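Subject: Structure for you to look at

Hello,

Here is the structure I promised to pass on, with the sequence alongside it. Have a look at it first, and then read on for my notes.

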Amino acid sequence: MGVLAVFGVKNAATRIYYGLHNLQHRGQEGGGISTFDEDGKYYRYRGLGLLSEIFTNGEISHLKGSLGIGSVKYANDSKGGLDNVEPLFFHHRSGDFAVAADGNVINAAQIAGYLEKRGTIFQTNIHSELLAHLIKKNAGEDRIVNIVKALNMMEGGFAFVIMTPSRIYACRDKHGIKPLCLGELDGGYVVSSESCAFDIMGAKFLRDVNPGEIVSLDRHGIRSTTYSHYSRHHMCAMEYIYFARPDSDIDGCNVHTYRKEAGRRLARECPVEADIVVGVPESGLSAAMGYSEESGIPYEMGLVKHKYVGRTFIEPTQSMRELGVKMKLSPVQSIVRGKRIVLVDDSIVRGTTSLKIVKLLRDAGAAEVHVRIASPMMRFPCHYGVDTSTLEELLCSHRSLQEACAAIGADSLGYLSPESTRDSCFGCADPCQACFTGEYPTLLYDDVNNED
Ligand code: AMP
Ligand code: SF4
């Protein structure tokens, strides 16, 4: 999921629309924008699909006002259709407000149980609604106090943007798992899941929102509140490895630079004799460059990506996904024929992509295909909102390295170590790597029933 907020900028909705396009890689299932105008009137437009499919008839021009929030929705919570597309809007006698979120609240079931016992009825199953109810449970106190209390009841990896008629609040989880950053735009402000949205909006990067911080944006400017003194910094390693765009800087570390460094380390940890290095487009390319530079094996474009085909991962069934891989990539026969290839990709989740690409390259005449992955073996599910698949589906949850290699049909297979995954990141000393190591940075609430 991707979130965006703008404060104090004319035609905020148009700016948000452009910014959301640069966050489209964070979610292709749906999206929406909401604004308040100068009179406190609320506007919203949401839809299912890509932004270009949602905003087709000049809807943006109807969203008036100089502050707004927007979101793109990820495949992991496809239940609920349009009702679950954010921003969500809430009426309350103390003032209307809207909320959009990235990530996952892992004690959501406990919080929902707690609220339901006190009479709350939910309209959706998304966590922005939980936050809204928690905030209003204490209504009467100062709003920032209510938000602080609400966030302190939530555990997980999340980024929330909250909009009232006169203010934006941007909140980042106390573990720093989800990214969120702050920029300046035409005398106003912008908040985004990733800094790559700033360029297209014409905004200037100011800083990251800190773990456990609430940034408020209003006519007084920027104000900061720390909602939890237990703040840690466990930025999601998969954001650097796969999820984020290479032109984003997250917590002081550029994503492309991270991937290239991971590729260099991969070349040192898993060397192999070969003729060319080929990266899997798009997210494997930076690591392939690093592998090539470090190993001295020339980098070649052995695979070409077709434009205008969606990401394979979001196709709902396995057979659709398999077809999707074929539609997405073509081998360049004259380059790969007779060659010993180091095939570099960012990660293996189910193994569908690797199996198909190894076969594509062999069918195109490759002599050998050695797969090198610029992250560790993914063995555990993510509880923080990244759809890394269920435990049974993960290629490596129940396979050794040799078995995984055989399953994807490669001549050899090598993964980056967790140490190098951590050390490739110069912005965060201790990123979350739970899907590789099983060491989750937060409590897991599966068996806990703390209702009161
Ligand atoms: P798979 O075919 O399931 O092994 O998918 C692995 C490919 O999907 C890798 O090449 C990644 O680029 C990409 N990928 C990794 N993690 C995710 C994710 N959480 N959502 C979508 N795609 C992913
Ligand atoms: Fe990211 Fe993996 Fe941690 Fe989930 S478990 S937050 S995907 S590093």
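Where does ligand 2 sit? Ligand 2 is in the largest cavity. Please keep in mind as you read that this is a predicted model.

**Ligand 2**

The residues surrounding ligand 2 are Ile177, Cys236, Ala237, Met238, Cys382, Tyr384, Val386, Cys432, Ala434 and Cys435. By class, this shell holds 10 nonpolar residues, with no polar and no charged ones. Two helices, H7 (237–243) and H15 (434–437), each contribute at least two residues to the shell around ligand 2.

**Ligand 1**

Around ligand 1 there are 16 residues, and those that come nearest are Asp345, Asp346, Arg350, Gly351 and Thr353. The shell around ligand 1 is made up of 7 nonpolar, 5 polar and 4 charged residues.

I would look at three contacts here. A backbone N or O atom of arginine 350 is 2.7 Å from an oxygen atom of ligand 1. An oxygen atom of ligand 1 also has a polar side-chain atom of serine 283 at 3.2 Å. On the side of tyrosine 74, an N or O atom of the side chain lies 3.3 Å from a nitrogen atom of ligand 1. On its own, ligand 1 has 500 Å² of accessible area, and the protein covers 94% of that. Helix H7 appears here too: H7 and helix H12 (352–363) are the elements that give two or more residues to the shell around ligand 1.

**A buried arginine**

Next, please turn to arginine 172, in strand E8 (residues 167–172). Is arginine 172 buried or exposed? Its relative accessibility is 0%, so arginine 172 counts as buried. Where does its side chain go? The side chain of arginine 172 reaches the backbone oxygen of lysine 178 at 2.6 Å. A polar atom of the same side chain of arginine 172 lies 3.1 Å from the backbone oxygen of glycine 176.

For another strand residue, go to threonine 225 in strand E13 (residues 221–226). Threonine 225 has a relative accessible area of 24%, and because the partly exposed class runs from 20% to 50%, that is where threonine 225 belongs. From threonine 225 to glutamate 38 the distance is 187 residues in sequence and 26 Å in space, C-alpha to C-alpha.

**Backbone details in the loops**

Two cis peptide bonds are worth checking on your screen. One joins glutamate 86 and proline 87, with omega about 5 degrees; proline 87 is in the loop between strand E4 (67–73) and strand E5 (88–90). Another runs from proline 281 to glutamate 282, with omega near -10 degrees. Glutamate 282 belongs to the loop between strand E16 (276–279) and helix H9 (285–295).

There are also positive phi values in residues other than glycine. Asparagine 11 has phi near 50 degrees and is placed in the loop between strand E1 (2–7) and helix H1 (12–21). Phi of aspartate 251 is near 50 degrees as well, and this aspartate 251 lies in the loop between strand E14 (249–250) and strand E15 (253–254). Aspartate 251 counts as buried because its relative accessibility is 9%, and the cut-off for buried is under 20%.

Happy to go through any of this with you.

Best wishes

Terms used: Residues numbered from 1 in each chain as written. Chains lettered and ligands numbered in written order. Predicted model: local features only at pLDDT ≥ 70, side-chain atom pairs only at ≥ 80, totals over all residues. Heavy atoms only, no water. Near = heavy atom within 4 Å. 1 Å grid on protein atoms, 1.4 Å probe; cavity = no way out; pocket = protein on both sides within 12 Å on 5 of 7 lines; lining within 4 Å. Sits in = over half its atoms within 2 Å of the grid points. Helix = DSSP H or I, 4+ residues; strand = E, 2+ residues; numbered from the N terminus. Nonpolar A, V, L, I, M, F, W, Y, C, P; charged D, E, K, R; others polar. Polar contact = N/O pair within 3.5 Å; in protein donor to acceptor, adjacent residues only side chain to side chain. Areas by Shrake-Rupley, 256 points an atom, 1.4 Å probe, with all protein chains shown as cover. Buried < 20%, exposed > 50% of the residue type's maximum accessible area, 1.4 Å probe, protein only.
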